[in-house]
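Here is a short briefing on a single-chain model. Keep the structure open while reading; the points are grouped by topic.

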Amino acid sequence: MVKRMLWKDIRQTLSKSKGRVVSIVCLMALGSFALVGLKVTGPDMQATAAGFYGRNNLADITVVSNYGISKDDERIIGKADGIKEVEYGYFKDVVISGTDRSMRIYSKPDAVSTYDVTEDDCRSGPAKSRWT
């Protein structure tokens, strides 16, 4: 008898608050979808990053200096343990005259951390580039 009353009470409570039940079920489904998405995304992102790093030979470490790197600095960096390949470059921050726009210009690397700009239109906002 007690069980029958309990189930009857549950049915009445659910029938009186259908909106609440539907919203709770929707929130549970949304949470489940988010959890599944996060679990699946991690390995995919790792595989994508590994492929990108391999294709572009990304640098393991980057040394930046305010005043440039001297020949002595280059010798010290070249003698460090575990270095297979060293490439030196530069970058400069510039402002386009007559505008309030600025950009950073990088030297084109030969072998380490390579890239390829596929589309550039300063009039439409930031440059759209694809690293390959």
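The structure holds two aromatic pairs. One of them, F91 with Y106, is tilted, with 5.8 Å centre to centre and 45 degrees between the planes. This pair links distant parts of the chain: F91 sits in strand β1 (residues 91-95), Y106 in strand β2 (residues 102-106), and 15 residues separate them. Note that this is a predicted model.

**Overall layout**

- The chain has three helices and two strands. Read from the N terminus, the order is α-α-α-β-β.
- The chain has 132 residues, and 5% of them count as buried.
- Take the contacts between residues at least 6 apart in sequence: 28% of them join residues at least 24 apart.
- The accessible surface comes to about 11900 Å². Carbon and sulfur atoms account for 60% of that surface.

**The β1-β2 hairpin**

- Strands β1 and β2 run antiparallel and are joined by five bridges.
- Which residue of β2 is the bridge partner of V94? The partner is M103.
- Six residues lie between the strands of this hairpin. G98 takes a positive phi there, near 80 degrees.
- F91, the β1 member of the tilted aromatic pair, counts as partly exposed because its relative accessibility is 36%, between the 20% and 50% cut-offs.
- A salt bridge also spans the two strands: the side chains of R104 and D93 meet at 2.6 Å, N to O. R104 lies in β2 and D93 in β1, so the pair ties together parts that are 11 residues apart in sequence.
- Both partners are partly exposed, R104 at 42% relative accessibility and D93 at 48%.
- As general background, side chains in a regular strand alternate between the two faces of the sheet.

**Salt bridges in α3**

- The structure holds three salt bridges. Two of them, K71 with E74 and R75 with D72, have both partners in helix α3.
- K71 and E74 form a salt bridge whose closest N and O atoms are 3.8 Å apart. That value falls within the 4 Å cut-off, so the pair counts.
- R75 and D72 meet at 2.1 Å, N to O.
- K71 and E74 are three residues apart, about one turn of the helix. The spacing of R75 and D72 is also three residues, about one turn.
- Is K71 buried or exposed? K71 counts as exposed, at 60% relative accessibility.
- Its partner E74 is partly exposed, with a relative accessible area of 24%.
- R75 is partly exposed at 48%, and D72 is partly exposed at 44%.
- As general background, side chains of opposite charge can pair when their charged atoms come close.

**The α2-α3 loop and a nonpolar patch**

- N57 lies in the loop between α2 and α3. Phi of N57 is near 50 degrees, a positive value in a residue other than glycine.
- N57 counts as partly exposed, at 34% relative accessibility.
- I69 is also in the loop between α2 (18-56) and α3 (71-79).
- Which residues make the nonpolar surface patch of about 510 Å²? They are I61, V63, I69, I83, V86 and Y88.
- Within that patch, I69 has 32% relative accessibility and counts as partly exposed. That value passes the patch requirement of over 30%, so I69 can take part.

Methods. Residues are numbered from 1 along each chain as its sequence is written. This is a predicted model: local features need pLDDT of at least 70, side-chain atom pairs count only at pLDDT 80 or more; totals for chains, interfaces and linings use all residues. Side-chain values use heavy atoms; hydrogens and water are left out. Helices (H or I, at least four residues) and strands (E, at least two) are DSSP runs, numbered from the N terminus. Buried means under 20% relative accessible area, exposed over 50%, partly exposed in between (1.4 Å probe, protein chains only). Contact means heavy atoms within 4.5 Å. Accessible areas come from the Shrake-Rupley method with a 1.4 Å probe; for residues, only the protein chains shown count as cover. Patches are made of residues with over 30% relative accessible area and no salt bridge: like charges are joined within 9 Å, nonpolar side chains (Val, Leu, Ile, Met, Phe, Trp, Tyr) within 5 Å. Rings of Phe, Tyr and Trp (its six-membered ring) pair if their centres lie within 6.5 Å; planes under 30 degrees apart count as stacked, over 60 as edge-to-face and the rest as tilted. Two strands pair if DSSP finds at least two bridges between them.
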